[in-house]
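Here are some exercises to work through with the model open in your viewer. Try each task before you read its solution.

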Amino acid sequence: MAAAPVPEGAPGEQHDSNSSAESLDRLYPAVGSTKPPRKRTTSQCKSEPPLLRTSKRTIYTAGRPPWYNEHGTQSKEAFVIGLGGGSASGKTTVATMIIEALDVPWVVLLSMDSFYKVLTKQQQEQAASNDFNFDHPDAFDFDLIIATLKKLKQGKSVKIPIYDFTTHSRKKEWKTLYGANVIIFEGIMAFADKELLKLLDLKIFVDTDSDIRLVRRLRRDISERGRDIEGVIKQYNKFVKPAFDQYIQPTMRLADIVVPRGSGNTVAIDLIVQHVHSQLEERELSVRAALASAHQCHPLPQTLSVLKSTPQVRGMHTIIRNKETSRDEFIFYSKRLMRLLIEHALSLLPFQSCTVQTPQGHDYEGRTYSGKQITGVSILRAGETMEPALRAVCKDVRIGTILIQTNCNTGEPELHYLRLPKDISEDHVILMDCTVSTGAAAMMAVRVLLDHDVPEDKIFLLSLLMAEMGVHSVAYAFPRVKIITTAVDKKVNDLFRIIPGIGNFGDRYFGTDAPPDWSDDEDALST
């Protein structure tokens, strides 16, 4: 049977010295001073299985992004889990286990280790000789942590600093994260600020024996951070252990759930998962709600424009949909369809009347594009196949690219590559991807464009083939984005492949092989 979480008033909480209590007063609200403490969840008994179990394929929502309502604005805040505990207590492992057991769309893991303050030259010298205290609250940039977590909770994108533990400094590169259903924030000082505590919906303390934590820290710092054993032990005795006793262990009293033995306590993790699922149910953010919303029958949105299905267009679809079609023929007829699609999309751009004089000296009442400029943005990799067709019909068109992939460990969507022209906010943007099934990749790309101040009504999403689910998903989240395609298929199977569909466009076009369970628009989402 698993050890129970530490209850209020247990001996383990009575060792605080007066000095540590005073140091905590400025950081933490007095427990029970204004309202009774929240009831703790215990892990003394074998729990029932988590309330919801879904396929791993639902890591990207099968419907609209859960943080948007029918008006394209955020409807619910994310559920934020705070994971505190001593250094090397197993917080990241527990977080990963929770993510895997939750198995819900859109989960973000945010580590406090990314938010160490930038050190001065003197502090850099101290850090090099293991004389700088990285286990003190003042070592962290709480202002940036709070601002970042607030934006994530609101469903907005954020830039996360990348910290280099070998040089004790931030790298020049920043990592981009997007809002989610569930945000897991983990760190040794996760409960060490009053404003930060207000953002946490569930506080979990990972309680691991000090000897185990020391062994893990030795192994990690020596193998991963280039430290020597003497330096690690010196830092542990001088800073890590005193900081744990003074600043970290006392925060156990603020936790809603205490997990003894860390990742070894699977019963406690199951209880946590049950609780989070129940909270998501209440907030209508669960997978069940997302799937129900996605599969409701609605008329196709007015923002959708489908190329007229002439005998020529239907003939080209017959060729590229045929599994027996050779690669050369597939490429040739796909390019023809792309050209027609882009020509159709350009006809939907704003035009104004103008008068020109012909060589014969007569006036001609014509039309001219009334926008500033047209920019094409391809969602890698399949989307880039549409670039030549766009260049062929738009003189001097600018091209940008977006690559979004999933983190294999956390399941969180990450922006891996982005190249957009300057001043794109003033352009009409042709966003290109060859197939859209669930709409996940397209929605992520639209969010990137919105983050770069491109007006929603100036975004044109072009795709050779779309599923009704993807059309509804994009239109539901972004009701002013224009959606343009050559055909819409009604169904998506359990693997999110469009039915009857076209297969994996990128693999058929480039002549590569993909795992059989890849979905049609997963080129932009999978490594």
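Contact here means heavy atoms within 4.5 Å. This is a predicted model, in which local features need pLDDT of at least 70, side-chain atom pairs count only at pLDDT 80 or more, and totals for chains, interfaces and linings use all residues. Residues are numbered from 1 along each chain as its sequence is written, and side-chain values use heavy atoms, with hydrogens and water left out.

**Exercise 1.** Find the residues with which Phe-140 is in contact, leaving aside neighbours within four places in sequence.

*Solution.*
- Start with Met-112, Phe-115, Tyr-116 and Lys-117, which are among the partners of Phe-140.
- Then add Phe-134, Ile-145, Ile-188 and Met-189.

**Exercise 2.** Place Phe-140 in the largest nonpolar core.

*Solution.*
- A nonpolar core is a set of buried Ala, Val, Leu, Ile, Met, Phe, Trp, Tyr and Cys residues joined through side-chain atoms within 4.5 Å; buried means under 20% relative accessible area (1.4 Å probe, protein chains only).
- The largest such core has 44 residues, and Phe-140 and Met-189 have the most contacts inside it.
- Helix α4 (142-153) is one of the elements that each supply at least two residues of this core, and α4 gives the most, with 5 residues.
- Another core, of 36 residues, lies apart and includes Met-316 and Ile-502.

**Exercise 3.** Work out the strand order of the open sheet formed by 3 strands.

*Solution.*
- Helices (H or I, at least four residues) and strands (E, at least two) are DSSP runs, numbered from the N terminus; two strands pair if DSSP finds at least two bridges between them.
- β17 (residues 465-467) pairs with β19 in the parallel sense over 2 bridges.
- The order is β15-β17-β19, with β15 and β19 at the edges.

Technical notes:
Buried means under 20% relative accessible area, exposed over 50%, partly exposed in between (1.4 Å probe, protein chains only).
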